[in-house]
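The paragraphs below lead through a single protein structure, step by step. Please keep the sequence and the model at hand while reading.

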Amino acid sequence: MTNSSTTNFLSVNSSSLSANNEIRILIGILTLPDQYQKRHFLRLIYGTQSPTMGAKIDVKFVFCNLTKEDQKVLVALEIMRYDDIIILNCQENMNKGKTYTYFSSLPEIFSTSDDQPYYPPYHYIMKADDDTYIRLESLVQSLRPLPREDLYYGYVIPCPSMDPFVHYMSGMGYLVSWDIAEWIKESDIPKTHLEGPEDKVFGEWLRDGHRARHRYNAKWSMYNFPEPPTRCTHELWPETIAVHLLKNQEKWIQTLNYFNVTRDLKPSKLYHIP
């Protein structure tokens, strides 16, 4: 059975929530059930970003079935408090189909209903790593001029390449339009090719199915953290959409300081932060 939240603690919305012409984006951060502290940290990161006018962005944490008694209690409490978790019907795995289960489950999870009156429920669906920092306003602005059907968006691999039609998008975070998730659910092509490096396999599904005729390479607005320097890194800069490989708190803090994320902290007699 697939469990999901329907109202999201991490929902960054414009003031006109009911507008059918707004851009609707689902960001699924693939993680593990035991990563409680990482989820709480990312709730701070995304929950404090300012609402984006004309957009509805839901950030959800995605993992496979719970396997331990403590998870059944602690994850349930998270859902009760934050309602931002999707539990897929799978066993945690690396390169054995978790990405397929994520994308193929979404059309059923978010089928049209009284709670979800619009079709598609999301124009775009993103799969992201939990060591990636996504700047939501920048993401939305980059999507505004793009098609809402048959789209594949991300950071092209290999790192020196700028051609989105040759290989595939990096697992730091890539996005597809809703119709591609529906195709993944229905097509036999993904079902018969589940194992292997999942992001590479994802690109092969689209190639073999002749899908994603619209592709957008977000390089170098998406990139790996600048240290240590490689062909995949870039200096932090204002045009950033996403920074990847934030593997420790020092790298997170350096990145957050660069983008001045605490600039809206209100003065108060309750605290003193120099």
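In this predicted model, the second largest pocket draws at least two lining residues from each of α3, β6 (124-129) and α7 (198-208). Among these contributors, α7 gives the most, with 3 residues. The lining has 22 residues in total, and L30, N93, M94, K127 and D129 are the ones nearest the centre of the pocket. Sorted by class, the lining of this second largest pocket holds 10 charged, 7 polar and 5 nonpolar residues. Its volume is about 530 Å³.

The largest pocket encloses about 620 Å³ of space. Which elements give two or more residues to its lining? They are α1 (36-47), α4 (136-143) and α8 (249-258). In the largest pocket, 21 residues form the lining, and those nearest the centre are T48, Y133, N260, V261 and T262. The class make-up here is 10 nonpolar, 7 polar and 4 charged residues.

Helix α3, already met at the second largest pocket, covers residues 98-109. From its first C-alpha to its last, this helix of 12 residues reaches 16 Å, close to the 16 Å expected at 1.5 Å a residue. Is α3 largely enclosed or largely open? Because 10 of its 12 residues are buried, the helix is largely enclosed by the rest of the structure. The buried residues of α3 are K98, T99, Y100, T101 and Y102, followed by F103, S104, S105, L106 and P107.

The loop that leads into α3 from β5 (85-87) holds C90, which brings in the disulfides. A disulfide is a covalent bond between the sulfur atoms of two cysteines. How many are found in a search of the whole structure? The search finds 2 disulfides. Counting bonded cysteines along the chain, they follow the pattern 1-2, 3-4.

One disulfide links C64 and C90, with an S to S distance of 2.0 Å. C64 lies in the loop between β4 (55-63) and α2 (69-82) and C90 in the loop between β5 and α3, so this pair ties together parts that are 26 residues apart in sequence. The torsion about the S-S bond of C64 and C90 is about -85°, and the disulfide is therefore left-handed. Residues count as buried under 20% relative accessible area. C64 has a relative accessible area of 0%, so C64 is buried. C90 is also buried, because its relative accessible area is 11%.

The other disulfide is formed by C159 and C232, whose sulfur atoms are 1.6 Å apart. C159 sits in the loop between β9 (156-157) and β10 (168-169), while C232 sits in the loop between β13 (222-224) and β14 (242-244), so the pair ties together parts that are 73 residues apart in sequence. Why is this disulfide right-handed? It is right-handed because the torsion about the S-S bond of C159 and C232 is about 80°. Both C159 and C232 are buried.

The loop between β9 and β10 also holds S161. With a relative accessible area of 15%, S161 counts as buried. The S161 side chain comes to 3.2 Å from the backbone nitrogen of D163.

The loop between β13 and β14, where C232 was found, contains P228 too. The peptide bond that joins E227 to P228 is cis, with omega about -5°. Another cis peptide bond runs from K219 to W220, where omega is near 5°. W220 lies in the loop between β12 (214-217) and β13.

Two backbone angles remain to be described. D150 is not a glycine, yet has a positive phi of about 55°. This residue is placed in the loop between α4 and β8 (151-154). D150 is buried, because its relative accessible area is 4%. L245, also a residue other than glycine, has a positive phi near 70°. Its place is in the loop between β14 and α8. Is L245 buried or partly exposed? At 31% relative accessibility, L245 counts as partly exposed.

Conventions:
Residues are numbered from 1 along each chain as its sequence is written. Side-chain values use heavy atoms; hydrogens and water are left out. Helices (H or I, at least four residues) and strands (E, at least two) are DSSP runs, numbered from the N terminus. The expected span of a helix is 1.5 Å times one less than its number of residues. Buried means under 20% relative accessible area, exposed over 50%, partly exposed in between (1.4 Å probe, protein chains only). On a 1 Å grid over the protein atoms alone, a cavity is a set of points where a 1.4 Å probe fits but cannot get out, and a pocket is an open set with protein on both sides within 12 Å along at least five of seven lines; lining residues have an atom within 4 Å of a point. Grid points are joined across faces, edges and corners, and a volume is the space filled by probe spheres set on the points. Ala, Val, Leu, Ile, Met, Phe, Trp, Tyr, Cys and Pro count as nonpolar, Asp, Glu, Lys and Arg as charged, and the others, Gly among them, as polar. A disulfide is a pair of cysteine sulfur atoms within 2.5 Å. A polar contact is a pair of N or O atoms within 3.5 Å; within protein, one must be able to donate a hydrogen and the other to accept it, and residues adjacent in sequence count only if both atoms are side-chain atoms.
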